[in-house]
Amino acid sequence: MFEKDLHISFLLDFYGEVLSERKRTVLDLYYNDDLSLAEIAEEIGISRQGVRELIKKAEEELRFYEEKLGLAKKLKRVEASASQLQQMAKEHSLPKTIEDKIAELVEAVEL
């Protein structure tokens with residue numbers, strides 16, 4: 001069975017612009033619009049198997065970028081740290097100006 005890896009959706013958001021338009025479109029239809037392989041095949045004019053192969057190649061490409069660059073993983077760590085910092089600021093009753101600056105930081109790093 002061909003199952004969706006929802007981490008790919010995150011990687012698509014992160015690295016999608018470096019994929020070819022065709023690969024990006026197919027992944028977007030599959031992951032974001034939740035179209036079936038048959039529906040995508042009909043929409044772009046290739047076989048269902050062709051869609052499956054295109055999805056697999058695009059997924060491999062996204063995984064390759066993340067393996068080599070690690071930018072999505074780093075962003076998740078920064079987001080988690082920023083949220084933790086915001087929580088700590090609230091718990092320790094920091095001045096409002098510091099809380100506001102931390103809130104700006106959290107907002108800036110969220111996708």
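**Figure 1. A buried tyrosine in helix α2.** In these legends a residue is called buried when its relative accessible area is under 20%, exposed when that area is over 50%, and partly exposed in between. The model shown here is a predicted one, so please read each close-up with that in mind. With a relative accessibility of 5%, Tyr-30 falls under the 20% limit and therefore counts as buried. Tyr-30 belongs to helix α2. Look also for Lys-4: Tyr-30 and Lys-4 are 26 residues apart in sequence, and their C-alpha atoms are 8.7 Å apart in space.

**Figure 2. The whole chain, for orientation.** Before going further into the close-ups, it helps to step back for a moment. The protein chain has six helices and zero strands, and reading along the sequence gives the pattern α-α-α-α-α-α. The radius of gyration is 19 Å, well over the 13 Å that the globule rule gives for 111 residues, so the protein chain is more spread out than a compact globule. The C-alpha trace spans about 60 × 25 × 25 Å along its principal axes. Of the 111 residues in the protein chain, 32% count as buried.

**Figure 3. A salt bridge between helices α2 and α4.** Side chains of opposite charge can pair when their charged atoms come close. The structure holds five salt bridges, and this view shows one of them, formed by Lys-23 and Glu-61. The closest N and O atoms of Lys-23 and Glu-61 are 2.8 Å apart. Because Lys-23 sits in helix α2 and Glu-61 in helix α4 (residues 48–69), the pair ties together parts of the chain that are 38 residues apart in sequence. Are these two partners buried or exposed? Lys-23 and Glu-61 are both buried.

**Figure 4. A salt bridge within helix α4.** Here the partners are Lys-56 and Glu-59, whose side chains meet in a salt bridge with an N to O distance of 3.8 Å. Both residues lie in helix α4, three residues apart, which is about one turn of the helix. The two ends of this bridge have their own surroundings. Lys-56 is partly exposed, at 32% relative accessibility. Glu-59, in contrast, is buried, and its relative accessible area is 2%.

**Figure 5. A salt bridge within helix α6.** Moving along to helix α6 (residues 96–109), you will find Lys-101 and Glu-104 three residues apart, a separation of about one helical turn. Lys-101 and Glu-104 form a salt bridge, and their closest N and O atoms are 3.9 Å apart. Lys-101 counts as exposed, because its relative accessible area of 55% is over the 50% limit. Glu-104 has a relative accessible area of 48% and is partly exposed.

**Figure 6. A threonine in helix α6.** Thr-97 is another residue to look for in helix α6. Thr-97 counts as exposed, with 57% relative accessibility. How far apart are the C-alpha atoms of Thr-97 and Gly-50? They are separated by 55 Å, while along the chain Thr-97 and Gly-50 are 47 residues apart.

**Figure 7. A patch of negative charge on the surface.** Six residues are labelled in this view: Asp-13, Asp-28, Asp-33, Glu-39, Glu-42 and Glu-43, which gather in a negatively charged patch on the surface. Which helix gives the largest share of the patch? That share, three residues, comes from helix α3 (residues 37–44). Glu-39, one of the patch residues, is found in helix α3. At 42% relative accessibility, Glu-39 counts as partly exposed. Leu-29 makes a handy reference point here: the C-alpha atoms of Glu-39 and Leu-29 are separated by 9.1 Å, and the two residues are 10 residues apart along the chain.

**Figure 8. A positive phi angle in the loop between α2 and α3.** Asp-34 is found in the loop between α2 (21–32) and α3. What is noteworthy about its backbone? Asp-34 has a positive phi of about 60°, although this residue is not a glycine. The residue is also exposed, and the relative accessible area of Asp-34 is 55%.

Conventions. Residues numbered from 1 in each chain as written. Predicted model: local features only at pLDDT ≥ 70, side-chain atom pairs only at ≥ 80, totals over all residues. Heavy atoms only, no water. Patch = residues over 30% accessible without salt bridge, like charges linked within 9 Å, V, L, I, M, F, W, Y side chains within 5 Å. Areas by Shrake-Rupley, 256 points an atom, 1.4 Å probe, with all protein chains shown as cover. Salt bridge = Lys/Arg side-chain N within 4 Å of Asp/Glu carboxyl O. Lys, Arg positive; Asp, Glu negative; His and termini not counted. Charge placed at Lys NZ, Arg CZ, Asp CG, Glu CD. Helix = DSSP H or I, 4+ residues; strand = E, 2+ residues; numbered from the N terminus. Buried < 20%, exposed > 50% of the residue type's maximum accessible area, 1.4 Å probe, protein only. Rg over C-alpha atoms; globule rule 2.2 N^0.38 Å.
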